[in-house]
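Me: Hey, got this one loaded and want to go over its pockets and packing. Can you walk me through it?
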Amino acid sequence: LRHKVVASYYMVSIGALSRGSLVVAGSAAAVAVLLAAREWRRQIALALDESIIVVPGGGLTLDGRPTPWVRRRLEEAARIYHARRKAGETCRVVTLSLGTPHKPMPIDPQSQFQVMEAEGGARCLIRDLSVDAEDVFEENWSLDTIGNAYMLRAGHTDPAGWNRLIVVNNEFHMHRTRQIFEKVFSLEPRPAFGAYTLEFVEVPNEGLEGEVLAARKEREAKSAAGFVVNTKEIRTMRQMHSFVFSKHMAYASKRLLKDREPVDPKALQTY
């Protein structure tokens, strides 16, 4: 009997210790979750105080430098950046685009590597326009304005918690840019930090005029009308993902079933 009592005592003691360990472990886990949630809220609060200046892709010269109209976007982005920084605000600039499906990527004459549009824009901001490299981010995957907006949201703004966007573009490209960005950044699910705030800043069509500009504007109008038709039923990021990779002929693999179709030579000069 004595042995049974002692054994029972030890079993109760071990059980109590186990329950105590579970309580301690549970408390530690709860504290860790609370601390992680607090840090997440702190990071989101910091991100919500940031202004994110966005420069869509628009073409490079043969040696990988921004075209005159893209440089005008970058100059305006840098002006806003420096003004906001001077006012004590946190500000970042995001350059967009890998290139265009309409012509090959340019080659850097020194490195002999291909130059991505986002890279060329970022280099100009950092080396020519005195924007801190730590404040410049690149989205160097997309090939058009729809991809610009989709990959900016999927790759940068949603995960980083950046909700205040200032989109800088030329007059000839602004209508479609606004149309696409407002669509993409209103899609469900809404991010944890809430709705996006979009501001659009228009700059002149530096370096474009006459028949070349007219050809690009005509192409922009057709593309804008097509975007409305093709995306009118899209309400979520998942649906947009399906459209981009299954139907959009810059990204869908079915584009490989036939050769590329040439673009009007005049409009091609604007890419």
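Me: Which helix gives the most to the lining of the second largest pocket?
Reply: That's H3, with five residues. Bear in mind that this is a predicted model.

Me: OK, and how much space lies in the second largest pocket?
Reply: About 320 Å³. Of its 13 lining residues, the closest to the centre are Asp63, Arg65, Asp108, Arg123 and Arg127.

Me: How does that lining split by class?
Reply: Seven charged, three polar and three nonpolar residues.

Me: Now the largest pocket. What volume, and which residues are closest to its centre?
Reply: The largest pocket holds about 1,200 Å³ of space. Pro101, His102, Arg219, His248 and Ala250 are the closest to its centre, out of 42 lining residues. H6 supplies the largest share of that lining, seven residues, and the classes come out as 14 nonpolar, 15 polar and 13 charged.

Me: Switching topic: how many cavities of 30 Å³ or more are there?
Reply: One, with a volume of about 70 Å³. Its lining has 15 residues, and Pro56, Val70, Leu96, Glu117 and Gly121 are the closest to the centre. H3 turns up here too, giving the largest share with four residues.

Me: Last thing, H7. Which residues are buried there?
Reply: Met237, Met240, Phe243 and Val244. Looking down the helix axis, the buried residues of H7 fall within an arc of 120 degrees, so they line one face.

Me: And what covers them?
Reply: The cover includes helices H4, H5 and H6. Those three are also among the helices that each supply at least two residues to the lining of the largest pocket.

Definitions and conventions: Residues are numbered from 1 along each chain as its sequence is written. This is a predicted model: local features need pLDDT of at least 70, side-chain atom pairs count only at pLDDT 80 or more; totals for chains, interfaces and linings use all residues. Side-chain values use heavy atoms; hydrogens and water are left out. Buried means under 20% relative accessible area, exposed over 50%, partly exposed in between (1.4 Å probe, protein chains only). The arc is that of the directions from the helix axis to the C-beta atoms. Contact means heavy atoms within 4.5 Å. On a 1 Å grid over the protein atoms alone, a cavity is a set of points where a 1.4 Å probe fits but cannot get out, and a pocket is an open set with protein on both sides within 12 Å along at least five of seven lines; lining residues have an atom within 4 Å of a point. Grid points are joined across faces, edges and corners, and a volume is the space filled by probe spheres set on the points. Ala, Val, Leu, Ile, Met, Phe, Trp, Tyr, Cys and Pro count as nonpolar, Asp, Glu, Lys and Arg as charged, and the others, Gly among them, as polar.
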